[in-house]
Amino acid sequence: MEKFDVIVVGAGLAGLAAAYTLAQAGVEVLVIEKGDYPGAKNVTGGRLYVNPVRELFPDLWKKAPLERFITREGASIMAGERSINVEYCGSELSQEPYQSYSILRAKFDRWFAKQAERKGAMLVSKSRVDDVIIENEQVVGVWAGGDELRADVIIACDGVLSLLAEKAGLRTLGNPKDYAVGFKEVIELDSTLIEERFGLEDNEGAARLFMGEVTRGKFGGGFLYTNKDSLSLGIVVGIKDLMEGSPTVQAPVLLDEFKQRPEIARLIKGGESVEYSAHVIPEGGLKAIGKLYGNGILLAGDAAGLAMNIGVTVRGMEYALASGYYAAQVVMEAKEKEDFTANSLSVYEKLLNDSFVIKDFIAFKEAPTVLDSPRFFKHYPELMGNIMKDVYEVPAGPKDRLYPTIKKYLTFKEMWSMAGDMRKVMKI
Amino acid sequence: MVYGRGYEKGDEDMSELSGLKAKLGLDVFKHDSEPHIRIKPGMEKDPRLKAAVLVCPAGLYTENANGEVELTIDGCLECGTCRIACGTEVLEWNYPTGGAGVQFRFG
Ligand SMILES: Cc1cc2nc3c(=O)[nH]c(=O)nc-3n(C[C@H](O)[C@H](O)[C@H](O)COP(=O)(O)OP(=O)(O)OC[C@H]3O[C@@H](n4cnc5c(N)ncnc54)[C@H](O)[C@@H]3O)c2cc1C
Ligand code: SF4
């Protein structure tokens with residue numbers, strides 16, 4: 001039996017943020033990761049917004065292996081045969097410090113783990129934690145690959161399913177309506193081609209989000225991010241919507257169809273798929289966040305349910321980094337008091353409530369309910385596509401005036417429902 | 001280390017998911033001594049399992065002519081979707097042992 005000050009389970013962003021912060025303060029910390037190396041099991045879209053977490057890890061960003069800083073933001077509404085696209089470029093996006101970067105997790109997490117080790121954290125990869133050890137209602141350690149490892153406190157950063165939180169009795173199996181599944185391909189493409197196709201220079205990058213037909217009207221959307229010399233192309237879709245059918249479609253088919261869309265096919269042409277990955281995403285919002293701590297245990301990142309999906313953008317990485325950081329702060333306070341009971345660890349909730357993390361969740365608390373309507377993902381994309389088609393069409397005969405062209409679609413009934421939807425959207 | 005699963009173009013089936021095997025062949029998988037997900041014995045016909053056929057991004061669940069759902073574990077991306085969709089009353093679900101299973105190089 002071995003004893004450590006702190007054991008962190010999972011070398012994802014939350015776990016590494018916690019370990020890095022603790023090690024920096026001289027606390028003895030062991031990180032256990034089941035993958036071959038940190039990042040080997042981790043999937044994101046992905047784009048990392050640095051602003052909210054920059055100051056929490058001031059030394060980290062200069063050398064971090066991030067891909068491209070995003071200077072072009074695109075959104076597409078896709079109907080069956082047509083799409084409407086908006087692109088935003090703003091000078092602030094091209095100014096340092098850059099707001100957001102595309103990121104590949106296998107690369108980033110591996111590097112981040114090295115930085116944590118450099119600060120003094122111990123890392124054991126290829127080791128799966130199988131259970132928690134509970135004595136007198138207090139978590140006092142874990143079982144990993146037959147070894148009994150003890151610690152004053154466990155920080156469970158084991159991702160969205162958090163089997164550990166279930167074992168510690170902090171939560172039960174999740175409800176499909178609170179989760180989405182994301183799946184993506186990494187497509188290698190020459191960096192000069194990427195820059196030409198997306199109108200970028202040097203390390204500039206583009207982010208594009210797609211909604212509507214990409215998910216056949218189900219809750220979710222498609223995404224495309226430019227990396228240094230590859231593209232991340234994928235789909236996020238609500239698990240409940242996928243299960244329920246209407247229309248019935250197998251998840252992988254959505255991505256194949258997405259790739260075949262002419263709008264996408266021309267962007268990925270000549271590229272070579274080098275990886276296919278998938279992962280569940282928590283997106284139940286504020287209501288789905290459960291217990292964040294117990295006697296001798298704290299949850300951080302996806303394990304705590306700290307990711308959200310506001311329509312088409314998923315955010316979880318900053319919340320993972322920040323919650324890992326705050327969990328480490330709480331552990332340091334508890335260490336001073338030599339008290340690792342739930343009562344002592346409850347400061348965690350307060351720290352998170354006072355930070356951008358829970359403030360964001362409160363601000364967007366209505367999003368999951370409001371957006372849980374097929375009108376947003378099916379009806380409006382079709383409607384807008386049809387209006388645009390007629391607006392742009394010049395027929396052989398005389399062209400209708402614009403007002404009647406649009407009016408034809410915007411019947412009284414339609415306007416009435418739109419107003420209703422608008423009122424709901426205003427809650428977001 | 002096994003790079004890909006050695007699928008040939010010829011052995012792709014003609015279903016909608018024909019490209020999927022090739023796609024999974026891009027990933028690095030390390031062998032595990034036993035399957036990490038199992039359909040619980042006697043649960044093969046449970047209606048809750050039908051969802052797995054739709055949600056699994058690797059298309060590893062199929063329904064046979066007898067209405068039983070079958071799972072081929074090779075190619076599992078460990079995403080967790082089947083666990084959320086079907087629940088643990090019908091599935092015995094764990095991650096592969098340490099160092100085994102899919103190892104993403106990009107993520
Ligand atoms: C397709 C997709 C797109 C996304 N897009 C974005 C985006 O653009 N922006 C954004 O901010 N967020 C995005 N997210 C969400 C974001 O990726 C997650 O919120 C984030 O990765 C969570 O980090 P984490 O450290 O909490 O968990 P993870 O990264 O899942 O790390 C958990 C770690 O724990 C390890 N582990 C688990 N169980 C055990 C065990 N028993 N023993 C040992 N180790 C264990 C795992 O191997 C893993 O390394 C996206 C997610 C997906 C799937
Ligand atoms: S974990 Fe994901 S890839 Fe593996 S069988 Fe379940 S749904 Fe399919």
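Colleague: Where is A:Lys126 placed in chain A?
Modeller: A:Lys126 lies in the loop between strand E7 (122–124) and strand E8 (129–135) of chain A. Strands here are DSSP runs of E with at least two residues, and helices are runs of H or I with at least four, both numbered from the N terminus. The model is predicted: local features need pLDDT of at least 70, side-chain atom pairs count only at pLDDT 80 or more, and totals for chains, interfaces and linings use all residues. Residues are numbered from 1 along each chain as its sequence is written, chains are lettered from A and ligands numbered from 1 in the order in which they are written, and side-chain values use heavy atoms, leaving out hydrogens and water.

Colleague: What makes A:Lys126 worth listing, given that it is not a glycine?
Modeller: A:Lys126 has a positive phi of about 60°. Most residues other than glycine have a negative phi, and most peptide bonds are trans.

Colleague: Which residues does a cis peptide bond join at an omega of about 5°, and which at about -5°?
Modeller: A:Gly45 and A:Gly46 are joined at about 5°, A:Glu96 and A:Pro97 at about -5°. A:Gly46 is in the loop between strands E2 (29–32) and E3 (47–49) of chain A; A:Pro97 is in the loop between strands E5 (83–89) and E6 (100–102) of chain A.

Colleague: Why is the site of ligand 1 called shared between chains?
Modeller: Residues from chains A and B surround ligand 1, so the site is shared between them. To count as near, a residue needs a heavy atom within 4 Å. Of the 38 residues around ligand 1, those that come nearest are A:Glu33, A:Thr44, A:Arg105, A:Asp302 and A:Met317.

Colleague: What makes the pair of ligand 1 and the side chain of A:Thr44 a polar contact?
Modeller: An oxygen atom of ligand 1 is 2.8 Å from an N or O atom of that side chain. For a ligand, the term asks for a pair of N or O atoms within 3.5 Å, so the pair qualifies. A nitrogen atom of ligand 1 is also 2.9 Å from a polar backbone atom of A:Arg47.

Colleague: How does the radius of gyration of chain A compare with that of a compact globule?
Modeller: For 428 residues the globule value is near 22 Å, and chain A has 23 Å, which agrees. The radius is taken over C-alpha atoms, and the globule rule is 2.2 Å times the number of residues to the power 0.38. Chain A holds 15 helices and 19 strands.

Technical notes
A polar contact is a pair of N or O atoms within 3.5 Å; within protein, one must be able to donate a hydrogen and the other to accept it, and residues adjacent in sequence count only if both atoms are side-chain atoms.
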